[in-house]
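Colleague: Got a minute to go through this model with me? I'd like the sheet, then the helices, then the ligands.

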Amino acid sequence: MGMLNLNDITTIAESLNRPALAITQPRCVRVRNRNASCGRCIDACEAGSLQVVDNALELTLSLCVNCGACAAVCPTEAMLMLEPKRTQLASDLEALRVYYARTRDLQDKPLVIACARQLSRFEGMQERVVGVPCLAHMDVPLLLDAVTKHPAGVLLVDGNCATCKLGWCSERMDAVVGESCALTEAALGGRSSGEMTVKRASQMPSHVQRKTGEEEFDSTKRSFFSNAADEMKLTVLSAARTTLEEKLGGNQKSIAEQLKVKENGSLPQYPMPQHMEALDALDSLEPAPDAQFDSPLFALIDIETERCNACGMCATFCPTGAISRGASLPGTRTVSRLDFLPCDCVACGLCEDVCLKKCLHLRHDVTAEELFSLDPLQFELGANASKRTLPFA
Ligand code: SF4
Ligand code: SF4
């Protein structure tokens with residue numbers, strides 16, 4: 001059996017009628033509140049496999065092509081690609097980085113990440129490349145993590161998007177690459193970065209091509225990779241069975257149950273490990289306090305406190321707990337202050353969408369000092385606050 005290619009991956013996923021991704025419904029802001037305006041995953045999915053139906057985000061299995069675009073743009077990490085899992089991809093990238101760092105002739109060369117279409121015809125040194133079904137699986141935090149740890153940069157090699165059935169992802173990939181480079185530059189603030197940058201190409205670079213005299217090694221590696229391909233198919237099959245069993249298990253809580261309001265008056269809140277990965281990567285570059293990150297990944301809020309009536313919708317629906325009830329009026333449960341921690345905000349926009357008085361506004365021009373501060377911004381609420389008691393409190 002030959003090496004696993006894009007057709008293999010999509011055919012396996014489709015023939016097993018298996019979702020290529022898992023959705024954690026209560027993380028999705030559209031599920032948390034019907035007034036949410038986010039639809040980034042739906043916009044990113046040109047296969048038309050995602051839609052919101054009856055307050056749930058639904059995937060049409062037969063249309064999903066496992067490009068990964070939806071998961072990469074979701075601010076709340078509501079989607080998990082299953083093949084490959086993002087954690088697996090991150091650990092493959094880390095292994096590649098270590099391999100490059102330990103190999104003298106690779107230390108000043110970019111890490112190579114290639115799509116399955118490119119890999120299916122590649123006969124060079126595969127151990128120098130990490131493969132993904134489509135480059136749209138790469139998100140900004142993954143790229144930031146790689147590029148800040150490997151100053152020679154990252155090269156994304158496509159299989160010629162212009163003729164690929166997943167070609168719609170190309171434009172979005174350009175945006176992800178641009179975003180990663182802009183954030184790195186902002187954190188470095190003009191300090192020398194070497195080649196600490198993400199680039200794209202449609203041809204494999206010379207440092208992963210095989211030189212003459214390596215035919216014997218070549219055939220060994222070929223057999224290694226054909227075995228690996230078989231392994232991968234088995235893994236896909238076994239993952240599919242597990243998913244199916246989980247689906248049939250019948251022990252799933254309904255979305256309404258999962259969205260039960262907690263004692264502190266908020267819907268369930270979630271850690272955002274990918275968001276933290278991006279923060280860690282930028283922090284490792286030791287940005288100046290006034291370095292400005294103008295990015296859709298991060299946000300600050302402004303509250304017109306004199307108009308706010310302390311309805312508390314923002315804190316109730318925030319999926320991360322970035323906004324919280326800071327203090328109550330003495331002897332009451334009426335909120336008198338809202339706290340906001342920028343590093344916990346994933347800029348999903350839900351707080352702005354649900355604000356009944358339209359007095360909360362998001363902005364994206366966040367400085368490093370604001371982003372990395374562990375002291376929350378505090379909004380003392382105006383006289384109107386005392387007239388309302390928080391719902392659910
Ligand atoms: S929060 Fe994520 S899953 Fe929900 S609509 Fe936005 S992008 Fe899609
Ligand atoms: S503070 Fe607002 S934009 Fe930030 S994570 Fe919470 S709801 Fe989303």
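**Sheet, helices and ligands**

Modeller: Four strands form an open sheet in the order 6-5-7-8, with parallel pairing. Pairing needs at least two DSSP bridges between two strands. Helices (H or I, at least four residues) and strands (E, at least two) are DSSP runs, numbered from the N terminus. This is a predicted model: local features need pLDDT of at least 70, side-chain atom pairs count only at pLDDT 80 or more, and totals for chains, interfaces and linings use all residues. Residues are numbered from 1 along each chain as its sequence is written, chains are lettered from A and ligands numbered from 1 in the order in which they are written, and side-chain values use heavy atoms, with hydrogens and water left out.

Colleague: Which are the edge strands?

Modeller: Strand 6 (129-132) and strand 8 (198-201); each pairs on one side only. From one strand to the next, the twist averages 25°. Angles run from 0 to 180 degrees between N-to-C directions, and axes are lines fitted to C-alpha atoms, for helices over the stretch in contact.

Colleague: How many bridges join strand 7 to strand 8?

Modeller: Four, and the two strands run parallel. Strand 7 covers residues 154-157. Val154 stands opposite Val198 in strand 8.

Colleague: What packs on the sheet?

Modeller: Helix 5 (residues 86-102) does, touching strand 5 (111-115) and strand 6. The direction of helix 5 makes about 165° with that of strand 6. Helix 7 packs on the sheet too, touching strand 5, strand 7 and strand 8. Its direction makes about 135° with that of strand 7. Contact means heavy atoms within 4.5 Å.

Colleague: On to helix pairs. Why is helix 7 oblique to helix 8?

Modeller: The axes of helix 7 (residues 140-149) and helix 8 (residues 169-188) come within 9 Å and cross at roughly 50°. That angle makes the pair oblique. Under 35 degrees counts as roughly parallel, over 145 as roughly antiparallel, 65 to 115 as roughly perpendicular, and the rest as oblique.

Colleague: Which residues make that contact?

Modeller: Val140, Leu143, Leu144 and Val147 from helix 7, with Val176, Glu179, Ser180, Leu183 and Thr184 from helix 8. By class, that is six nonpolar, two polar and one charged. Ala, Val, Leu, Ile, Met, Phe, Trp, Tyr, Cys and Pro count as nonpolar, Asp, Glu, Lys and Arg as charged, and the others, Gly among them, as polar.

Colleague: And helix 11, at what angle does it cross helix 7?

Modeller: Roughly 30°, with the axes coming within 8 Å. So helix 7 is roughly parallel to helix 11. Pro141, Leu142, Leu144, Asp145 and Thr148 in helix 7 meet Gln274, Glu277, Ala278, Ala281 and Leu282 in helix 11. That contact divides into six nonpolar, two polar and two charged residues.

Colleague: Switching to ligands. What surrounds ligand 1?

Modeller: Cys28, Val29, Arg30, Cys38, Arg40, Cys41, Leu57, Cys74, Pro75, Thr76, Ala78 and Met79. A residue counts if one of its heavy atoms lies within 4 Å. Helix 2 (29-32) and helix 3 (40-44) each give two or more residues to that shell. By class it has nine nonpolar, one polar and two charged residues.

Colleague: Which residues come nearest to ligand 2?

Modeller: Cys318, Cys345, Cys348, Gly349 and Cys351, of the 14 around it. The shell of ligand 2 has 12 nonpolar, two polar and no charged residues.

Colleague: Last one. Where is the cis peptide bond?

Modeller: From Glu83 to Pro84, with omega near 0°. Pro84 sits in the loop between strand 4 (79-81) and helix 5.
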